[in-house]
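Work through the exercises below with the sequence and the coordinates at hand, and try each task before reading its solution.

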Amino acid sequence: MELMTAPSIAEQPTPKAKSSSGCLRPHIEVENLNLYIQNNHILKNINLAIPDKSITCIIGPSGCGKTTLLRTFNRLHDGSVDVKITGKLFVDCEDIYAKDTEVTHIRKKMGLLAQRPCSLPMSIIDNVVYGPRIHGVRGKRKLYAIARHQLNAVGLWEEVKDRLKSPASKLSIGQQQRLCLARGLAVEPEIILGDEATSALDPISSKTIEELFLSIKDKYTIVLVTHTLRQAKRIADYVAFMYMGELIEFGTADQVFNHPKHKLTKEYISGGFS
Amino acid sequence: MKKLEEKIFKILMIGSTVLILSILLYILYVIMKKGLPSLSWDMISKIPSGGFYLGKEGGILNAIMGSLYLIFFSVVISLMISVPVVMYLNFTLRRKSKLAAFARLTFDVLFGIPSIVYGAFGFTVMIYFGLQASLLGGIIAISLLIIPVMIRSIDEVAILIPNDLVEATKSLGATNYETIKVITRQLLPGISTAVLLSVGRGIGDAATVLFTAGYTDSIPTSLTQPAASLPLAIFFQLSSPVEEVQNRAYAAALVLTIIILTLSFAARYFSRRLSKNKI
């Protein structure tokens, strides 16, 4: 499969990426990635450079490997013994599947938003500052400031400021998802991964989340797996279309949606199959 | 027809509930009626004096303390073994792994082994190491008895913990140790139920401690001394021909019941407080 090289942004990395690690490549770059579960070839030779500071949506029919691909980005397959991965995956120029790469610091660079919000069994504020805490931030006032800042960023502050100490599980599911986003943002990642992050939410909550993504995309590299084409159309800057474990097409949203190059893409987008 | 079916089942359900409740209440009634008159401050604050088993002065403090020592240390030891085992079964092994399935089957089998077998097994182990009937022997035997109980009941809760929780913490850059802390927090209600069940099973069991902890009229002061226990105190007193001593057995049973009930309520109370929020 031919790799559609990502557009100009990929070649002009943002100043932040340059200064933080001296890395001239985009945050996430996938090279000849293959993934096998038991003996099934799930991801087939994926090559992909995810443009920085924009929203990239991975679309495709169910079972095409979207989520599996997303989970390779922060090595969530590590725990499963029967997953075998070959190829390279660079995060800030560091091959995260190299032998001596330490996994926690890779994961710290990425916030993950799961399909169903999963709040930790603690209070609202402890949820937000869990990440900073385990990475060594101390001091009540400092943590409170972080919590306030991040809850503000996801528009949750006004709703929860009077009950920061109550259990996070008492929030509505949409609020919990925003809380999870705040929790992810609190570790100051550069990348945000969303695995169908709005599929369990009601339309209003999912709209809130979408707007959040749009409002923070100038600061973060956002990769979303989505099942709804309409959502991808609404928010994506770049779109990757996957089918049967292969990356069929990658390009700007305009290009993929309006002038798809590949027949399969065209069919999928026009609703030929799902 | 449907209506009749529903009625029959309703009656069955209510009937079983009433049956169980009335058995429980009857047991309480019997031990209260026979035990309360013999229950005195002396009974719970003194150790047996000479001739206690023939109706003379003394109390069962030796058995109360012995039982508390035995169960406390066994629960602590079993927790230290069970929690890591459950973590390994649920979060290191895959959920459907064959080893995990085999381990669970093993624990079920161990769960079903009668306590006298644990007692006998503990006894042979003790002979092998040259130990005599002692507090230590009793603790080991009771631990063997309650570890499967604990593992299985914590496991029931651990199975329900979504993998999402593990991934959520890991994706924040948490190490395995930090992830385990979060999981443990989520597991606390399960752990407290497990402790409760094991205390109930361990403290009320006579067969395990019969050979392993032995029986004595004094309160043990070291691990190598024999230790009395309430179930055996009940057993020995009940087999006495003196009626007064028999009644004391019911008083001892009442003490045992009160201990278990107190521990149950305390555990419920704390687990509710703990699970509400954070630790």
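The exercises concern a predicted model and go from a whole chain to a helix pair, an interface and single residues.

**Exercise 1. Describe the overall make-up of chain B and the confidence attached to it.**

Solution. Begin with the confidence values: the mean pLDDT of chain B is 87, and 97% of its residues reach 70 or more, while the model as a whole scores ipTM 0.77 and pTM 0.77. Next, take the secondary structure, where chain B has 11 helices and zero strands. Then consider the extent of the chain, whose C-alpha trace spans about 70 × 65 × 35 Å along its principal axes. Turning to burial, 37% of the 279 residues of chain B count as buried. Finally, look at the sequence separation of the contacts: among those in chain B between residues at least 6 apart in sequence, 75% join residues at least 24 apart.

**Exercise 2. Characterise the packing of helix α5 (residues 115-128) of chain B against helix α6 (residues 135-158) of chain B.**

Solution. Two packed helices are described by the angle between their axes and the distance between the axes. For this pair, the axes come within 9 Å and cross at roughly 135°. An angle counts as roughly antiparallel only over 145 degrees and as roughly perpendicular from 65 to 115, and α5(B) and α6(B) are therefore oblique to each other. The crossing of α5(B) and α6(B) is, moreover, right-handed. The residues that meet are B:Ser115, B:Tyr118, B:Gly119, B:Gly122 and B:Met126 from α5(B), and B:Gly137, B:Ile140, B:Ala141, B:Leu144 and B:Leu145 from α6(B). Sorted by class, this contact comprises six nonpolar and four polar residues, with no charged ones.

**Exercise 3. Work out which elements of chain B supply the side that touches chain A, and how its residues divide by class.**

Solution. First establish the extent of the interface, in which 20 residues of chain B are in contact with 25 residues of chain A. On the chain B side, α7 and α8 each supply at least two residues, and the largest share, six residues, comes from α7(B). By class, the residues on this side of chain B divide into six nonpolar, six polar and eight charged.

**Exercise 4. Determine whether B:Glu167 is buried or exposed, and place this residue in its surroundings.**

Solution. Start from the element: B:Glu167 lies in helix α7 of chain B. Now count neighbours, for which the cut-off for a buried residue is 20 or more other C-beta atoms within 10 Å; B:Glu167 has 20 and is therefore buried. In α7(B), which covers residues 163-170, the buried residues are B:Val166, B:Glu167, B:Ala168, B:Thr169 and B:Lys170. What covers the buried residues of this helix includes α4 (103-108) of chain A, together with α3 (61-92) and α8 (176-203) of chain B. Apart from neighbours within four places in sequence, B:Glu167 is in contact with A:Leu76 and A:Ala114.

**Exercise 5. Classify A:Lys88 by its neighbour count and list the contacts of this residue beyond its sequence neighbours.**

Solution. Locate the residue first: A:Lys88 is found in strand β4 (residues 83-91) of chain A. Because A:Lys88 has 15 C-beta neighbours inside 10 Å, this residue counts as partly exposed. Leaving aside neighbours within four places in sequence, A:Lys88 is in contact with A:Glu31, A:Asn32, A:Asp95 and A:Tyr97. As a last step, compare separations: A:Lys88 and A:Leu156 are 68 residues apart in sequence and 38 Å apart in space, C-alpha to C-alpha.

Key
Residues numbered from 1 in each chain as written. Chains lettered and ligands numbered in written order. Predicted model: local features only at pLDDT ≥ 70, side-chain atom pairs only at ≥ 80, totals over all residues. Buried ≥ 20, exposed ≤ 12 C-beta atoms within 10 Å, placed from the backbone. Helix = DSSP H or I, 4+ residues; strand = E, 2+ residues; numbered from the N terminus. Contact = placed C-beta atoms within 7 Å. Axes fitted to C-alpha atoms, helices over the stretch in contact; angles between N-to-C directions. Parallel < 35°, antiparallel > 145°, perpendicular 65-115°, else oblique. Left-handed = near helix turned anticlockwise from the far one by under 90°. Nonpolar A, V, L, I, M, F, W, Y, C, P; charged D, E, K, R; others polar. pLDDT = per-residue confidence, 0-100.
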